[in-house]
Amino acid sequence: MSSTFQFELLARDAATGARLGRIHTPHGVIETPAFMPVGTGGTVKAVTQHHLEEIGAQIILGNTYHLYLRPGHELIQRAGGLHRFISWPHPILTDSGGFQVMSLKGLQRITEDGVEFRSHLDGSSHFFSPERVVDVQLALGADICMILDECVPYPASLESTRRAVALTGRWARRAKDRYRIAAEEAGAELPSALYGIVQGGIDESLRRESAEEMREIGFAGYALGGLSVGEAKTATYDIVEYTASRLPEDQPRYLMGVGTPQDLVECVARGIDQFDCVMPTRNARNACVFTSEGRLTIKGARYAADERPLDPACGCAVCHRYARAYIRHLFSTGEMLAATLATFHNLFFYLDTMRKIRQAIAAGNFADFLSSARAGS
RNA sequence: UCCUCGGUAGCUCAAUGGUAGAGCAUUCGGCUGUUAACCGAAGGGUUCCAGGUUCGAGUCCUGGCCGAGGAG
């Protein structure tokens with residue numbers, strides 16, 4: 001196994017843009033297409049690291065902004081890095097805080113130099129530059145780091161989207177420079193890879209421009225940001241296909257923040273290798289579970305005496321053991337086990353979907369898989 | 001037996017004599033690089049009963065019923 005980052009493209013689907021691959025990192029291999037559970041503050045909410053291993057998670061996310069505020073990246077570095085601190089010896093990707101630039105609207109001010117944040121916890125002021133965000137992520141020791149980007153909300157004017165693309169491009173160069181200097185100082189290849197992020201809303205020419213600029217700067221992988229923020233599904237899919245086709249064949253493509261199980265299948269077909277989304281975990285805590293028959297709101301009265309598992313077609317440990325009636329009872333009474341069981345199941349469902357996708361690509365029948373997924377939705 | 005306080009939505013309680021509300025609970029939605037065990041909507045009332053005063057009573061008066069506390 002390679003000790004540094006490497007993407008291995010194993011197969012390309014003949015009929016679609018789907019790809020089968022492996023990402024090698026210092027903490028292990030990620031089979032792609034991959035779904036990455038979100039663990040913003042050093043935990044995938046409601047489940048343990050042991051659960052994640054049992055579910056088959058190969059990589060999880062952390063968030064630079066949240067971990068920087070609490071407990072602080074220096075503390076984590078002194079504790080031996082994020083992997084050791086949270087006891088997750090497998091790959092970790094840290095998001096840059098670029099999304100928080102958008103979602104903490106009102107608590108931040110964007111300048112050429114970076115982003116001035118007010119902490120949502122205590123109102124204290126902080127400054128994130130593209131360089132600092134790289135430093136923080138290197139201190140955390142993430143296997144994959146993301147550049148600081150400006151993620152515009154939807155709808156956005158063409159002009160503000162254009163500005164965000166330009167600013168993200170300039171920040172990307174600075175992040176890359178900082179990364180290169182850190183590697184020179186270390187005198188070795190860094191254990192953390194750096195991904196660029198393509199912005200551009202749903203405008204093809206802006207996406208093309210952003211993709212070209214990211215390629216020119218050169219990153220270990222390329223992310224598509226600012227999608228599934230409210231635009232029509234067809235627009236998302238079209239832009240994903242358009243953008244993915246303009247990114248290097250031999251490097252991973254990561255669609256940030258997406259999506260529903262159907263989104264995953266559709267975007268794999270358009271050439272995406274990595275996904276992350278809070279949907280399986282957040283929705284689980286709010287009693288929404290994903291099944292082979294679609295979503296169900298398990299706190300509903302109709303499940304009060306339902307002795308079936310969440311998904312009769314699911315092979316997860318929760319579905320093996322617990323009835324809908326019991327899980328609905330746990331939600332009704334506010335028991336925290338409700339969140340744990342629902343999260344475990346939802347993540348298993350997502351990761352199992354990805355396993356099936358990879359199997360289908362390997363077997364050469366992904367197109368069939370795609371059309372039956374469409375028929376079933 | 002007397003005195004005091006109280007009785008309003010399933011629960012806990014609001015409402016200068018002027019359209020009876022809130023929180024919780026219930027039911028139903030929503031959640032897409034987590035400020036989210038969150039957010040939204042809906043349903044739900046003979047204001048204990050019977051009289052009275054008043055243009056108008058949950059509110060004031062009389063009587064009763066029920067509950068809590070106190071006195072004897």
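**Backbone oddities, a buried helix and the RNA surface**

User: Is Ala287 buried or exposed?
Analyst: Ala287 counts as buried, because it has 20 C-beta neighbours inside 10 Å. The cut-offs are: buried if 20 or more other C-beta atoms lie within 10 Å of a residue's own, exposed if 12 or fewer, partly exposed in between, with C-beta atoms placed from the backbone.

User: What kind of model and numbering is this?
Analyst: This is a predicted model, in which local features need pLDDT of at least 70 and side-chain atom pairs count only at pLDDT 80 or more, while totals for chains, interfaces and linings use all residues. Residues are numbered from 1 along each chain as its sequence is written, and chains are lettered from A and ligands numbered from 1 in the order in which they are written.

User: Back to Ala287. What is its phi?
Analyst: About 70 degrees, so positive, although Ala287 is not a glycine. Ala287 lies in the loop between α11 (279-285) and β15 (288-291). Helices (H or I, at least four residues) and strands (E, at least two) are DSSP runs, numbered from the N terminus.

User: And what about phi at Ala46?
Analyst: Phi of Ala46 is near 85 degrees, again positive in a residue other than glycine. Ala46 is in the loop between β4 and α1 (49-55). With 21 C-beta neighbours inside 10 Å, Ala46 counts as buried.

User: Cis peptides next. Which residue does Thr32 join through one?
Analyst: Pro33, with omega about 0 degrees. Pro33 lies in the loop between β3 (28-32) and β4 (34-37). The peptide bond from Arg70 to Pro71 is also cis, with omega near 5 degrees. Pro71 is in the loop between α2 (64-69) and α3 (73-78).

User: How many residues of α10 are buried?
Analyst: Seven of the eight in residues 261-268, so helix α10 is largely enclosed by the rest of the structure.

User: Which ones?
Analyst: Pro261, Asp263, Leu264, Val265, Glu266, Cys267 and Val268.

User: Now the RNA. How many residues surround strand B?
Analyst: 45 residues surround RNA strand B, and the closest are Cys151, Gly257, Gly259, Thr281 and Cys288. A residue is near a molecule or strand if its C-beta atom, placed from the backbone, lies within 6 Å of it.

User: Which element gives the most to that surface?
Analyst: α11, with five residues. Elements that each supply at least two residues include β5 (60-63), α5 (98-103), β14 (274-277) and α14 (336-363).

User: What's the split by class?
Analyst: The surface near RNA strand B has 17 nonpolar, 20 polar and eight charged residues. Ala, Val, Leu, Ile, Met, Phe, Trp, Tyr, Cys and Pro count as nonpolar, Asp, Glu, Lys and Arg as charged, and the others, Gly among them, as polar.
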